[in-house]
Amino acid sequence: MTSELDIFVGNTTLIDEDGLWVGGTVSDAVALRVRSGILEQTGATAAVLQSDTMDHYRTFHMLERLLHAPPKLLHQLIFQIPPSRQALLIERYYAFDEAFVREVLGKKLSKGTKKDLDDISPKTGITLKSCRRQFDNFKRVFKVVEEMRGSLVDNIQQHFLLSDRLARDYAAIVFFANNRFETGKKKLQYLSFGDFAFCAELMIQNWTLGAVGEAPTDPDSQMDDMDMDLDKEFLQDLKELKVLVADKDLLDLHKSLVCTALRGKLGVFSEMEANFKNLSRGLVNVAAKLTHNKDVRDLFVDLVEKFVEPCRSDHWPLNDVRLFLNQYSASVHSLDGFRHQALWDRYMGTLRGCLLRLYHD
C-alpha cells in the first residue's frame, strides 16, 4: 500500500499576501486564485494550487494562537518570518469589514451578541468564519485594555502591534462598546463607521478622564485617567449650561449676537433666525441629560433628531452649518452673565466637530 504526501521544504515561512486564509475556506480560496489567472501565470496544475493553498491554511492555523497576542509572534523562534511580513500578518488578521463593524458597533461584546453573527453573516455577505474572527478580535482587544490607564490608542498599539490607523479604529470600537452608544437605529444608518470613529476620537480627546489628565480622586481606584470612561464629573457639570436656554435674557442676547454676526453671510439666515431657540434648546438639553446612562447611549440619536434633521429639512448647506456652529459657540464668550466658559468650550468644541461630521447635506 502506498501513500502520496505533499511536502513543502523551506527556510523562511511563506505568507499569502492576499490574506485569503483569514476569512474563507480552502475551496473558496482556490476558486478565487483560479479566477485571478494564477494557473496561467505560473503554469502550475490545479492539484499543485490546491496543495499550495492548503499549506497556507495549515501555516495560518499554527500561527493563529500567536496572533491572539502579537508580541509572542515577534519573540517566537519556530517560524522564520521577516519583520515586514509579521506586520502584514498582524494587520491582515486584525483587519475588519466596515459592513460588519456597523452591525455590532456600540453593542456589548458578549455571548448574546455573538449569537447574532448567524444573522449578520448573510445580511452583510461576510462569511460566518470571518464574522467570528472579527468579533473575537474586538472582544480580545477590549478585554486586554479595559482596565489599563493611559492612552487607549497607545495601549492597543503596545499590546497588539497594530498600525496607528488600525489602532485608532479599534480604540473607537472599544470606546463605543464600553459606553454602549446606540448606532443601530434607522435614522443613523446613513452614518459610516468612519463617521462614528471620528466622533469617538474627539470624545476620547476631550470628554474622558484621560483627556484632562486628572489625578486620581481615590488612591485605590483603577478607573481614573482612562480613555474608555467618560468623565462623570464633567457630565454632571454640563447641567450648568441649562442657564443658556432657561434664562430668557441670556437666550435672547445669545440669539442677537449670533444673528448680528451672521446677517448677510448665511443663505438660510431667515430659517436660522426663526429656529434659533429650538436649535439652542436642543443642543443645550442634550448636554444637560448626559448624567443618565440611557441619554449617554442615545447621544447620536439625539444629535440627529435635535439638530441634523431640523437643519436638513430647511436645506442648510454644510458651510452654513459650519458658520452657524462656529458663531453659536464663540458668541457665548460675550455673554456677561454666563460663568461656565471653559465647560462650554469643552462641550461645544467636541460637539461642533461631531455635528459637522454627522451632517450630510
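How many aromatic pairs does the protein hold? In this predicted model, the count comes to 24 aromatic pairs. The report below begins with the overall fold and then turns to rings, core, individual residues and cysteines.

## Overall fold

The protein contains 21 helices and 0 strands. Of its 361 residues, 45% count as buried. Among contacts with a separation of 6 or more, 68% are made by residues 24 or more positions apart. The accessible surface comes to about 18,100 Å², and carbon and sulfur atoms account for 51% of that surface.

## Aromatic rings

A pair of aromatic rings is described by the distance of the centres and the angle of the planes. The count comes to 24 aromatic pairs. Phe176 and Phe300 form an aromatic pair that is stacked, at 5.5 Å centre to centre and with 25 degrees between the planes. Because Phe176 lies in helix 11 (residues 164-179) and Phe300 in helix 19 (residues 299-313), the pair ties together parts that are 124 residues apart in sequence. Both Phe176 and Phe300 are buried.

One aromatic cluster is formed by Trp207, Phe234, Phe276, Phe307, Trp316, Phe324, Tyr328, Trp344 and Tyr347.

Two tyrosine rings have an arginine over them, as the table sets out.

| Arginine | Ring | Distance to ring centre |
|---|---|---|
| Arg133 | Tyr93 | 5.9 Å |
| Arg312 | Tyr190 | 4.8 Å |

In the second of these rows, the charged end of Arg312 sits over the ring of Tyr190.

## The nonpolar core

The largest nonpolar core has 104 residues. Within this core, the residues with the most contacts are Met272, Phe324 and Tyr347. Helix 11 gives the most to the core, with 10 residues. Phe324 and Tyr347 also belong to the aromatic cluster described above.

Which residues does Phe324 contact, leaving aside its neighbours within four places in sequence? Phe324 is in contact with Val258, Leu262, Met272, Phe276, Leu279, Phe307 and Trp316. Among these partners, Phe276, Phe307 and Trp316 are members of the aromatic cluster.

## Two residues in their surroundings

Asn275 is placed in helix 17 (residues 269-288). Is Asn275 buried or exposed? Its relative accessibility is 18%, so Asn275 counts as buried, the limit for that class being under 20%. Apart from its neighbours within four places in sequence, Asn275 is in contact with Pro310 and Asp314.

Val34 lies in helix 1 (residues 26-35). With a relative accessibility of 38%, Val34 counts as partly exposed. Not counting residues up to four places away in sequence, Val34 touches Leu39 and Leu49. Val34 and Ala46 are 12 residues apart in sequence, and their C-alpha atoms are 8.3 Å apart in space.

## Cysteines

How many disulfides does the structure hold? The structure holds 0 disulfides. Cys199 is in no disulfide, although the sulfur of Cys354, the nearest cysteine sulfur, is 3.3 Å away. A disulfide requires the two sulfur atoms to be within 2.5 Å, so this distance does not qualify. Cys199 counts as buried because its relative accessibility is 0%. Cys311 likewise counts as buried, at 1% relative accessibility.

Conventions:
Residues numbered from 1 in each chain as written. Predicted model: local features only at pLDDT ≥ 70, side-chain atom pairs only at ≥ 80, totals over all residues. Heavy atoms only, no water. Helix = DSSP H or I, 4+ residues; strand = E, 2+ residues; numbered from the N terminus. Buried < 20%, exposed > 50% of the residue type's maximum accessible area, 1.4 Å probe, protein only. Contact = heavy atoms within 4.5 Å. Areas by Shrake-Rupley, 256 points an atom, 1.4 Å probe, with all protein chains shown as cover. Phe/Tyr/Trp six-rings, centres within 6.5 Å; stacked < 30°, edge-to-face > 60°. Lys NZ or Arg CZ within 6 Å of the ring centre and 35° of its normal. Core = buried A, V, L, I, M, F, W, Y, C linked by side-chain atoms within 4.5 Å.
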